[in-house]
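Q: I have a structure open and want to go through it with you. Can we start with the ligand and then move on to the packing?

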Amino acid sequence: MCLKLVEERGDNAIGLDLRNAEFEVDLSDADAVATFVEKIEAQYGHVDGVIANAGTQANSPLDLKVNYFGARNSVTSFLPLLQKSDNARVVVTASAASLQPTDTKLVQLLLDDKQEEALEYGQALADRGGMAGYANYSASKRAIATWVRRVAPTQDFAGAGIGINAVGPGVVATPMTTELLSTDEGRDMAFGAMPAPYNGAQRPEDIADVLVFLVSGMNRSMTGQVIYVDGGFDSISRGEDIWHAPKSMDQATQE
Ligand SMILES: NC(=O)c1ccc[n+]([C@@H]2O[C@H](COP(=O)([O-])OP(=O)(O)OC[C@H]3O[C@@H](n4cnc5c(N)ncnc54)[C@H](O)[C@@H]3O)[C@@H](O)[C@H]2O)c1
């Protein structure tokens, strides 16, 4: 959907995905991404924007590999090509799950780039199942959103004229949620965990419009932001006070 919107704006869009894309690449495989970036450099010289949207919700370390390490590596691999543009922007799809209580030790391992330890710890959480396993997903999304905020003002990004933001969707009707949203029980579970009083589940185009705006020339000053496109969940979960860090899973269970 993003590709279509970008092309409608008159820009050239290149899609990459595991399957059904112009370029079929496993974004969790750093060597495969490097080869792809070389191809793009040879063909186009530079890129003006990256939309890092691929993701999984397996509630296992796969989420860490794709949603955090894969997304971060994709963006940094494209950095030299973005730096050759005179007007480049990046957007990463995080999630409103980044607002949910999560395993803060796992988030820290990701941010400290302790890949092996993070994957091992994530597997131990996955083996426990339930909310512990889900922390693989929520931590991957909190870490990638934190990373976006961390790098946005640095020399590599702001200093090179590159804006970088994240989008945090709530519950979106996509193949990722088809099964969940197909029963009353599933819908109750989804909207119990992530209420969306404004218009309910988001449509893919609700998210795509914001992603494309953020990489377009219309975004001249926003960087380091996490824009929640979530039907109101952010304002419910954080309330009026957006100046305090989200709670850890431990703090939430103690209350
Ligand atoms: N659907 C939701 O409710 C929801 C909510 C919040 C955030 N998100 C995020 O939105 C993004 C898009 O998800 P979606 O809902 O469209 O799900 P989806 O499953 O329909 O699409 C995910 C896409 O990522 C691709 N992908 C997965 N692993 C990959 C890999 N290793 N290499 C390359 N491509 C890979 C898949 O092939 C698929 O096309 C994801 O980052 C997801 O976490 C979705």
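A: Yes. One term first: a polar contact is a pair of N or O atoms within 3.5 Å. An oxygen atom of the ligand meets that, at 2.9 Å from a polar backbone atom of Asn 53. Keep in mind that this is a predicted model.

Q: What lies 2.9 Å from a nitrogen atom of the ligand?

A: A polar backbone atom of Leu 27.

Q: And which polar side-chain atom lies 3.1 Å from an oxygen atom of the ligand?

A: One belonging to Tyr 137.

Q: How much of the ligand does the protein bury?

A: The protein buries 84% of the 820 Å² that the ligand exposes when taken alone.

Q: Which residues around the ligand come nearest?

A: Asp 17, Asp 26, Leu 27, Val 172 and Thr 174, out of 25 residues around the ligand.

Q: How does that shell split by class?

A: The shell around the ligand has 12 nonpolar residues, 9 polar and 4 charged.

Q: On to packing. How many residues are in the largest nonpolar core, and which touch the most other members?

A: The largest nonpolar core has 57 residues, and Phe 78, Leu 82, Trp 147 and Ile 164 touch the most other members. Helix α6, residues 130–151, gives the most to this core, with 11 residues.

Q: What is Ile 164 in contact with, leaving aside neighbours within four places in sequence?

A: Its contacts include Val 75, Val 90, Trp 147, Val 148, Val 151, Ala 152 and Phe 157. Thr 223, Gly 224 and Gln 225 are also in contact with Ile 164.

Q: What about a second core?

A: There is a separate one of 14 residues, with Val 172, Ile 207, Ala 208 and Val 212 among them. Val 172 came up before, as one of the residues that come nearest the ligand.

Q: Changing topic to the backbone. Where is Asp 113, and what is its phi?

A: Asp 113 sits in the loop between α4 (104–111) and α5 (115–128). Its phi is positive, about 65 degrees, although Asp 113 is not a glycine.

Q: Why flag a positive phi at all?

A: Because most residues other than glycine have a negative phi.

Q: Which residue has phi near 70 degrees?

A: Asn 199, again a residue other than glycine with a positive value. Asn 199 lies in the loop between α7 (184–193) and α8 (204–215).

Q: Is Asn 199 buried or exposed?

A: Its relative accessible area is 62%, so Asn 199 counts as exposed; the cut-off for that is over 50%.

Q: Why does Asp 113 count as partly exposed?

A: Because its relative accessibility is 40%, and partly exposed covers the range between under 20% and over 50%.

Methods. Residues numbered from 1 in each chain as written. Predicted model: local features only at pLDDT ≥ 70, side-chain atom pairs only at ≥ 80, totals over all residues. Heavy atoms only, no water. Core = buried A, V, L, I, M, F, W, Y, C linked by side-chain atoms within 4.5 Å. Buried < 20%, exposed > 50% of the residue type's maximum accessible area, 1.4 Å probe, protein only. Helix = DSSP H or I, 4+ residues; strand = E, 2+ residues; numbered from the N terminus. Contact = heavy atoms within 4.5 Å. Near = heavy atom within 4 Å. Polar contact = N/O pair within 3.5 Å; in protein donor to acceptor, adjacent residues only side chain to side chain. Areas by Shrake-Rupley, 256 points an atom, 1.4 Å probe, with all protein chains shown as cover. Nonpolar A, V, L, I, M, F, W, Y, C, P; charged D, E, K, R; others polar.
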